[in-house]
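Hi,

Here is the structure I promised to pass on to you. Have a look at it first, and then read on for what turned up in it.

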Amino acid sequence: MANSMPDNAIAFSRFAFMILVCIRGLISGQIRYSIPEEMEIGAIVGNIAEDLRLNVPQLSDRKFRLTSDDGGQYIKVNLDNGILTVRERIDRELLCGQATMCTIPFEIILENPLAVYRGEVEILDVNDNSPTFRDSSITLQMSEAITLGVHFPLESAEDPDIGINTVAAYTISSNEYFSVKAQKTEYGVLNCELLLEKPLDRELQPDIQLVLQATDGGIPQRSGTAQILITVVDVNDNPPVFDHKVYKSSLREDALKGSLVLIVKANDLDEGLNAEITYSFSKLASPRVLELFNLDPQKGEIRVEGHLDYEETNSYSLNVQAVDHGSPAMTGHSKVLIKINDVNDNAPEVKVTSVASKILENAPPGTLISLLNVFDRDSGENGQFHCDIPKNIPFRLRKSSNNHYELITSEPLDREAVTEYKIHLVARDLGSPSLTTNKTIEVVISDVNDNAPQFGASSYNIYVMENNSPGSSIFAVTARDRDMDQNSYVSYSFLENLIQDFPVSSYLSINSMNGTIYALHSFDYEELKNFQIHVQARDAGVPPLSCSCTVNVIILDQNDNVPVIVSPSSESGSAAVQILPQSAGQGYLVTKIMATDADSGQNARLSYHMVKATHPSLFNVGPKSGEIRTARNILASDTTTQSLFILVKDNGQPSLSSTVTLYITVLENITENVTEAGNLMSNSEYFTNLNIFLIIIFGCTSILFLLIIILLISVKCKQNSSTSQGYNSSSCCRDSNCTLHRRSAMEATLRYPGTGRTVRMADAQHYSVCLSPESAKSDFLFLKPCSAPPFDAQC
Ligand SMILES: *[C@@H]1O[C@H](CO)[C@@H](O)[C@H](O)[C@H]1NC(C)=O
């Protein structure tokens, strides 16, 4: 509007100039008017009558008329005053388009005289049109990758006006990316272009809306606008980007196949294919990782694929990548750290690194049996463990270092009690639930010669019938040894001592293998009634252990001696003559038969029997006393010489007997004196015989008794002396160490290792046997200890 004043001035000066021209044109026969377009109807164009110097009143007479080829409709002439007026709205643009000169030619025709005037009305442009765009909205697509300074030609705005009234300038709504540039073409059209001032970024602003305005130069100024919508086309200029630089997750090692570990997610700022992402493990991933884990290419889910093992690897570092589908594709990277949590899936392992399969029973406590290596592949509590063996066995576990254990003995062993141990070792870890491993260690206890053989009893009485057959077995002793094999092989022997000045070996022998005792010769009870031997049992261990027992050999009497008739003495074994007075009455003692028997007991108990007699009724024989008495008075009829056959037999089984024949002569004339004398004589004779016999018997008995006393004293002395040598003993003892030292004759004391106990041999082993007084009166021999009983010696 500021310029409108000068513009108006120019327009008026022009108008004045035209009028000047019109006047000149009149001179040359042409008349010309200029009017702006769009004048209102009836507006005066000009006074043509005046301009043609026509006489107005004459106009109608001269048939004044205006003709026009095509402009007749726009203008008309008033016949009354000759004024040309606008008949109809005149649109220059309609009439002439874009032509710079727009005229409406007309002719004025007059008659009387005919005169033709040519003229024209020039239509001047008025800014009555605004610039317009054919499309009110313009859509453009631009790659975000286009470079700065690129021009985008736009469709020009149209303005039918001409000259300054047509499009003169373009402007664009304010924005940071584009400016607009206008350029006049050689045809005078103002072209318009967009110029990129700043790089596009679809990710920042995917579309841009602009308003393009075209303005003309008219007064008043007019303008038109168009919307420009620029869509920024994506270019794959953004790589996928993961949510996290590092993803972290933890997982139990027993996670099942298909368990979700975590989800990786990447975003791509681009769009479309450029933003479509495929996930994968990095190409550098190890084959093991690919076995264990699976990455869903679309969802980004990492799942367990294989069997995890904490003990193999306790963490994994996976490189993942996200690739978009753009071309060229872009890749984003991230890292996934997966920590594997231990699960108690490993039981402790027990390795026996060394084992002594056999151990001597005398191994001291603390002897190493076995070395064990125990470990658990789990970690933490799951990898800690306890090792135990049962409490009630003589073994214990000792921890030597971290995972090493020693199985040692904790108490003395005894093979005789337990020969073999199966030690159940339990290793239990501290996980929950805990896992256990069982191991059995077999330990065989090997024998040591620590047990002496033992007899069933400390002494035995054996009874041997005299007259036994030489070489026959009379007894067998057996000793048992609790050890095994060689340590238990027992051999038997006699301990040397004298029996009636002869060594034992001259009486007996012993089978060293099985302890059977043989008599070497026939015993005679009448010579030797009993004796004592000591049998030793010794094992074959190194060193050997031994034990002894006492065997009392008692000879039993056998009826092997016939009664010996001592009186009446009978020469040639047959007859003895006795004299009997006829006057002798009933019960008269004729004689007494005396007999002895060397046997003893019943074998020596004699009885007297009359086997045969001349007059059996005449005499009685006292079966016990051996007295022969008359049974009745002697009659004259009785034969003077009577014979009696007397049998003396002992009570043995079978009994033995002797006989004697008595001849008894009955004398009539013998007086009482004679008889008495005879009796006396016979008595004295008898007495003499008897006396001699009795004296002999008494003497013998006395000597025998003296001998026995001497023998006993000497035996006693011997005993004392041999006791001091620690030899004459019938002892054995339970203690395994007892008899070891028996052979060392000079050692007077026994040591009991480990017990600190010592026993004086003299105290302990005083034992002897002597005949009890009863044995003289009895058929049997009674044995009794002479002094205090020996120490408690029971085999
Ligand atoms: C001991 O051995 C001998 C010879 O082999 C045999 O005759 C005897 O019967 C055995 N005695 C025992 C008790 O076995």
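Before anything else, a word on naming: strands here are DSSP runs of E with at least two residues, numbered from the N terminus. With that in hand, N112 can be placed in the loop between β6 (103-110) and β7 (115-124). Please keep in mind that this is a predicted model.

**Backbone oddities**

Let's stay with N112 for a moment. Its phi is near 55°, which is a positive value in a residue other than glycine. Is N112 buried or exposed? With 60% relative accessibility, N112 counts as exposed.

N467 also has a positive phi, about 65°, and N467 is not a glycine either. You'll find N467 in the loop between β33 (459-465) and β34 (473-476). At 38% relative accessibility, N467 is partly exposed.

Then there are the cis peptide bonds. One runs from I219 to P220, with omega near -5°, and P220 is in the loop between β13 (207-216) and β14 (223-233). Another joins S432 and P433, where omega is about 0°. P433 belongs to the loop between β30 (420-429) and β31 (436-446).

**Aromatic rings**

How many aromatic pairs does a search of the whole structure find? The count is 11. One of them is formed by F152 and F178, an edge-to-face pair with 6.5 Å centre to centre and 75° between the planes. F152 is in strand β9 (residues 151-154) and F178 is in strand β11 (residues 178-184), so this pair ties together parts that are 26 residues apart in sequence. Both F152 and F178 are buried. The edge-to-face label follows because planes over 60 degrees apart count as that.

Elsewhere, ring pairs link F242, Y247 and Y279 into a cluster. A charge comes into play at another ring: the charged end of K529 sits over the ring of Y525, 4.3 Å from the ring centre.

**The ligand**

Which residues surround the ligand? They are N511, N514, T516 and Y518. Sorted by class, this shell has 1 nonpolar residue, 3 polar ones and no charged ones.

The polar contacts go like this. In the side chain of N511, an N or O atom is 3.0 Å from an oxygen atom of the ligand. For N514, an N or O atom of the side chain is 2.4 Å from a ligand oxygen atom. T516 has a polar side-chain atom that lies 2.9 Å from a nitrogen atom of the ligand. As for cover, on its own the ligand has 360 Å² of accessible area, and the protein covers 33% of that.

**A buried aspartate**

D638 is worth a click too. D638 is in the loop between β49 (627-630) and β50 (641-650). Its relative accessible area is 9%, so D638 is buried. What does the side chain of D638 reach? It reaches the backbone nitrogen of L635, at 2.9 Å.

**Apart in sequence, and how far in space**

Finally, here are some residue pairs to compare along the chain and in space.

- Y177 is in the loop between β10 (167-172) and β11. With 3% relative accessibility, Y177 is buried. Y177 and L194 are 17 residues apart along the chain, and their C-alpha atoms are separated by 9.6 Å.
- P239 is in the loop between β14 and β15 (241-242). Its relative accessible area is 30%, so P239 is partly exposed. From P239 to N267 there are 28 residues in sequence and 8.4 Å in space, C-alpha to C-alpha.
- R428 is in strand β30. R428 is partly exposed, at a relative accessible area of 43%. R428 and P348 are 80 residues apart in sequence, while C-alpha to C-alpha they are 6.8 Å apart in space.

If you want a place to begin, try the ligand and the residues around it, N511, N514, T516 and Y518. After that, go to the F152 and F178 pair, with its 75° between the planes.

Cheers

Notes:
Residues numbered from 1 in each chain as written. Predicted model: local features only at pLDDT ≥ 70, side-chain atom pairs only at ≥ 80, totals over all residues. Heavy atoms only, no water. Phe/Tyr/Trp six-rings, centres within 6.5 Å; stacked < 30°, edge-to-face > 60°. Helix = DSSP H or I, 4+ residues; strand = E, 2+ residues; numbered from the N terminus. Buried < 20%, exposed > 50% of the residue type's maximum accessible area, 1.4 Å probe, protein only. Lys NZ or Arg CZ within 6 Å of the ring centre and 35° of its normal. Near = heavy atom within 4 Å. Polar contact = N/O pair within 3.5 Å; in protein donor to acceptor, adjacent residues only side chain to side chain. Areas by Shrake-Rupley, 256 points an atom, 1.4 Å probe, with all protein chains shown as cover. Nonpolar A, V, L, I, M, F, W, Y, C, P; charged D, E, K, R; others polar.
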